[in-house]
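Please open the model in your viewer and keep the selection tool at hand. The stops below take you from the whole chain to single pairs of side chains.

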Amino acid sequence: MKPDCCIGSALLFIGIFSSIEGAFVGFNIGTDVSSLPPASEVVAILKANHITHVRLYDADAHMLTALSNTGIEVIVGVTNEEVLGIGVYPSRAAAWVNKNVAAYLPSTNITAIAVGSEVLTSLPHASPILVPAMNHLHSALVASNLNYQVKVSTPQSMDIIPKPFPPSTASFNSTWNSIIFQLLQFLRNTNSYYMLNAYPYYGYTNSNGIFPIDYALFQPLSSVKQIVDPNTLFHYNSMFEAMVDATYNSISALNFSGIAVVVTESGWPWLGGADEPDATSQNAETFNNNLIRRVLNGTGPPGQPNISINTYIYELFNEDKRPGPGTERRWGVFFTNGTAVYPLSLNTSAQISENPSSVFCIAKSGADPTKLQNALNWACGQGHANCSAIQPGQHCYNPDTIQNHASFAYNDYYQKMRGVGGTCDFDGTATTTTVNPSHGNCIFTGSSSTSLGAVMPPTAAAFGPITSSTGGSCSRLQIPTEIRLLILAAYLALILV
């Protein structure tokens, strides 16, 4: 089931989401976000954190364009509202593929189409049309000679497996057997894979205390709490693995084999209402860190040890517009400004060593000069950006343009405040970039060069940007040489102690 779903400190997000064995962790990108960044900024966040696989719930043209030439593998989505028309009219399927897939290949690396989202449980009246829709889309791909590159599948929730434990006896709800049989037949015939939405969070919270929370969080279990399938004697170290094995066994119960399971959604909410005590940032951090480590070790669940469990984390951003209880809006790993909600790290030999959070905020080219000036005034004043470096004679004064000065001030504010929700917008005059805007001796905050040993000594203006009382340009305060030397001496004394 796709859930119908701030921490005030700067957090480090270390991300590398594919392993040398081929296993990968991707991210879902939902759109029920009140301040969803432009597609280019979303892609900058993906690239900065080395995210190699994403799933879209639609086929947004801006996102597909922004993802071009990145190499990021993309699952595009047919919305539930589109399923009926595509299932009834093959021409609509052909038009959909031409508009949303063929038009972007090969520059955008589209590898799959997800048809609907949990159609059997969320849109049951459309279930008879589901497999016909998939067939029509596949036929359109064949006509475009894209069927070997782009697979077709449909995400389903664990709810269609009513008794997932023990995994060895799991089977699909017999109500859906006819449709699921057709679905599995299609997946086998087209060499596609089963898309599973697996949420240990719900498995745990709905289990009435039968399973310990450590089992849901991939945490070690004591000898008296081991989870064992009584039929196979397989030990399950996590509910996640048991869910995947239950799906494989449900597929096998309908006499199908050779169909891989890919987890298209899994995650843990980091905040909830008073009646959702298990939705905490600590649990979310524990679950997703352990999930990443588990997936990237390249092995499968006990019943299918040779098939890796490729997984898409739900989700990239918090979808704050979703209705329902508090957890529905708190599954995101990132705030929309690119700051991680909680730390994620990957302790493998493939871990990156560079800082993936090097995202800079700069003024947009061609932005309205009046808006730029007003935003610059605000950044250097109320925003408390350190604007000393753009004063006359300082390292970032030249080129003496409003665009250059605004970029420096915007970025200084953004780097200081994004950890507590500060954004890179400035009345629409700013944008993020992963390209370091530093030049010459002008070093932008957030650059790798701004480590302690490379920070320039502050001038007096660093202790409080001055703005004119009339709201004009930032005042450029001139400091006597004697005072500059005293400040420099004090600064050196502090860092050398």
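The tour begins with the whole chain and then moves to a helix, a loop and some charged pairs.

Before selecting anything, note that this is a predicted model, in which local features need pLDDT of at least 70, side-chain atom pairs count only at pLDDT 80 or more, and totals for chains, interfaces and linings use all residues. Residues are numbered from 1 along each chain as its sequence is written, and side-chain values use heavy atoms, with hydrogens and water left out.

**The whole chain.** Show the protein chain as a cartoon, and you can look for its 14 helices and 13 strands, which are DSSP runs numbered from the N terminus (helices are H or I, at least four residues; strands are E, at least two). Of the 497 residues, 51% count as buried, where buried means under 20% relative accessible area, exposed over 50%, and partly exposed in between (1.4 Å probe, protein chains only).

**Helix H10.** Next select residues 239-253, the 15 residues of helix H10, whose end C-alpha atoms are 21 Å apart, in agreement with the 21 Å expected at 1.5 Å a residue (the expected span is 1.5 Å times one less than the number of residues). In this helix 12 of the 15 residues are buried, among them Phe240, Glu241 and Tyr248. After H10 comes asparagine 255, whose phi is positive, near 65°.

**A loop residue.** Now select leucine 217, in the loop between helix H9 (213-216) and strand S8 (227-228). Is leucine 217 buried or exposed? With a relative accessibility of 4%, leucine 217 counts as buried. Leaving aside neighbours within four places in sequence, leucine 217 is in contact (heavy atoms within 4.5 Å) with Trp268, Asn283, Thr286, Phe287 and Asn290.

**Charged pairs.** Side chains of opposite charge can pair when their charged atoms come close. A salt bridge here is a side-chain nitrogen of Lys or Arg within 4 Å of a carboxyl oxygen of Asp or Glu, and by this rule the count comes to five.

- Return to H10 and select glutamate 241 with arginine 294, whose closest N and O atoms are 2.5 Å apart in a salt bridge. Arginine 294 lies in helix H11 (residues 281-296), so the pair ties together parts that are 53 residues apart in sequence.
- Select arginine 55 and glutamate 265, which form a salt bridge with closest N and O atoms 2.9 Å apart.
- Finish with aspartate 32 and arginine 322, whose side chains meet in a salt bridge (3.0 Å, N to O); Asp32, Glu319 and Arg322 are linked in a network of salt bridges.
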